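Me: I would like to learn how to read a protein structure feature by feature, beginning with the whole and ending with single residues. Could you take me through it slowly?

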Amino acid sequence: MSAVSAYRLTPRVTKFLSEPHKLLVGGKWVNAVSGETFPVLDPATTDEIAQVPAGDAADIDAAVTAARAAFETGPWATMKPTDRSRIIWAIADLIEAHADELAELESLDNGKPKKAARDVDVVGSAEMFRYFAGWATKIEGNQIPFASADPGAFFGYTRREPIGVVGQIIPWNYPLMMAAWKLAPALAAGCTIVLKPAEQTPLSALYLGSLLQEAGLPDGVVNIVTGFGETAGAALSAHPDVDKIAFTGSTEVGKLIVNASAGNLKKVSLELGGKSPNIVLADADLDLAIPGAADGIFYNHGQDCTAGSRLFIQKKIFDKVISGVVDRAKEIRLGPGLDPETDMGPVVSEEQLTRVVGYLQNGVESGARPLIGGKRHGDRGYFVEPTVFVDANPSMKIVREEIFGPVVAAIPFDNLDDLANAANDTTYGLAAGIWTTDISKAHTLAAKLRAGTVWVNCYGVNDPAMPFGGFKQSGWGREMGHEVLELYTETKAVVVAL
């Protein structure tokens, strides 16, 4: 029995799933030019739950053309900022009004528990649009006094203007929330957009498209093209009339996007992979640190770019902490995301299941020892046991490479002076965690860690006002906060002779 039939869905979701799905191009819902579609699977059962259009280069071209027309001749870029703000705020209100529907679609599509999808993904998406609704009226330039000209000879100022047509490619681990992270600031800046959701999880983006229209977004401002990365994604990245690409996903694909974007030197921002260190010092409050370390890797099935997959524990407390993390893993109930008893759903796809299981096997073959887990769970759906490895060393793949699953490698340390070097021994630099009651140690260590975000006595805490992004091969640019507006605006200098 599929999750769709086993659990009662809201009438809107039942209706949505039963309808033919189309692309949103220029304010109209249309089939792919080729007429081709592809199946969307429930990762908890592998059953087909929908068919969506297989958009390709022709559809991307149509969407970019619509976005260009909306930017050059439509009302969005020249609309009063207060009016733009009202529409963005209305999007947030509609997301909240459809919270159950969006949570069910995320759970079906991605596998995550419905409660987590509703309380985190949906709520976070609405708050992202609200935050950037405020920024629509606050994007400003500066008056700049000349350094070398006579005072009063010239008047110089800068303008922040929308960058233009933006291609946005989002991942499958937080489909709705990543769409919100990308769309909200671009809309606030006055850009027009072609959104390409992940082929594994396209449904919430299509549902969101109807909400954008209901909120009063002008035709062509946001266009949504479902399809595969190697076709639709590649065409969007290379398109000569796209001014900027914003991508969240793997570092490997990020490099391909950089190469594809070189044709017209379009601007590129990248939020990529991670292999984040989560560090527990001997003086930490273990009542906080143990569940924090467990949640840091097991939340969202470990499918999180900031997952604390390298757990550094000071030797004198190693056994106690690792025992506590294992106990937390034992309590995790695996099951379909629509089951209210589920704590952890499946990984998103057969490809991801094969990838994670391959790392589990490699870890054992390399000499690491799983204290719990270490294999696939069951024989239906893409479930992986939460896994805690010990006896791992820095040369192992499970320590060096991003797994993107519920798999943590625990590493004891003794010398605090060498800890930062060990934590930084990675090609990534997205996030890190520190657990300590010594505020001096916290600040000192945070300054040494090469990571875009460092959490102290918490993990995975994000806010629309805080910038988010990575060092090294974890990406370019910052999402969220006022800094993200730099990704979607150009600075124009104006000089007036007086």
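The dialogue below goes from the whole chain to two helices and then to a few single residues.

Reply: Before we begin, please keep in mind that this is a predicted model, in which local features need pLDDT of at least 70 and side-chain atom pairs count only at pLDDT 80 or more, while totals for chains, interfaces and linings use all residues. Residues are numbered from 1 along each chain as its sequence is written, and side-chain values use heavy atoms, with hydrogens and water left out.

Me: How many helices and strands are there in the protein?

Reply: Helices (H or I, at least four residues) and strands (E, at least two) are DSSP runs, numbered from the N terminus. In this protein there are 16 helices and 20 strands.

Me: What radius of gyration would a compact globule with 498 residues have, and what does the protein have?

Reply: The radius of gyration is taken over C-alpha atoms, and the globule rule is 2.2 Å times the number of residues to the power 0.38. For 498 residues the rule gives a value near 23 Å, and the protein agrees with it, having 23 Å. The C-alpha trace spans about 70 × 65 × 40 Å along its principal axes.

Me: What percentage of the residues in the protein is buried?

Reply: A residue is called buried under 20% relative accessible area, exposed over 50%, and partly exposed in between, using a 1.4 Å probe and protein chains only. By that rule, buried residues make up 57% of the 498 residues. As for contacts, meaning heavy atoms within 4.5 Å, we may take those between residues at least 6 apart in sequence, of which 73% join residues at least 24 apart.

Me: How many residues of helix α5 are buried?

Reply: Helix α5 covers residues 99-110, and its 12 residues reach 16 Å from first C-alpha to last, close to the expected 16 Å; the expected span is 1.5 Å times one less than the number of residues. The helix is mostly covered, with 11 of its 12 residues buried, among them Ala99, Leu102, Leu105 and Asn110. After α5 comes glycine 111, whose phi is positive, near 100°.

Me: Which residues of helix α15 are buried, and which are exposed on the other side?

Reply: An α-helix has 3.6 residues a turn, so residues three or four places apart point the same way. In α15, residues 416-423, the buried ones are Leu419, Ala420 and Ala423. They lie on the same side of α15 because they cover an arc of only 90° around the axis, where the arc is that of the directions from the helix axis to the C-beta atoms. On the other side, Asp417 and Asn421 are exposed. The cover over the buried residues of α15 includes strands β12, β13 and β16 as well as helix α16.

Me: What happens at the start of α15?

Reply: There, a side-chain oxygen of asparagine 415 comes to within 2.8 Å of the backbone nitrogen of aspartate 417. Asparagine 415 sits in the loop between β16 and α15, and at 38% relative accessibility it is partly exposed. Its C-alpha is 9.3 Å from that of lysine 315, although the two residues are 100 apart in sequence.

Me: Where are phenylalanine 404 and lysine 472 found, and what is the sign of phi in each?

Reply: Most residues other than glycine have a negative phi, and most peptide bonds are trans. Phenylalanine 404, in the loop between α14 and β16, has a positive phi near 65°, and it is buried at 16% relative accessible area. Lysine 472, in the loop between β18 and β19, also has a positive phi, of about 50°, but at 35% relative accessibility it is partly exposed.

Me: What is asparagine 173 in contact with?

Reply: Asparagine 173 lies in the loop between β7 and α7 and is buried at 4% relative accessibility. Leaving aside neighbours within four places in sequence, its contacts include Asn110, Lys112, Asp304 and Phe404. Its side chain also reaches the backbone oxygen of glutamine 303 at 3.2 Å, a polar contact being a pair of N or O atoms within 3.5 Å; within protein, one must be able to donate a hydrogen and the other to accept it, and residues adjacent in sequence count only if both atoms are side-chain atoms.
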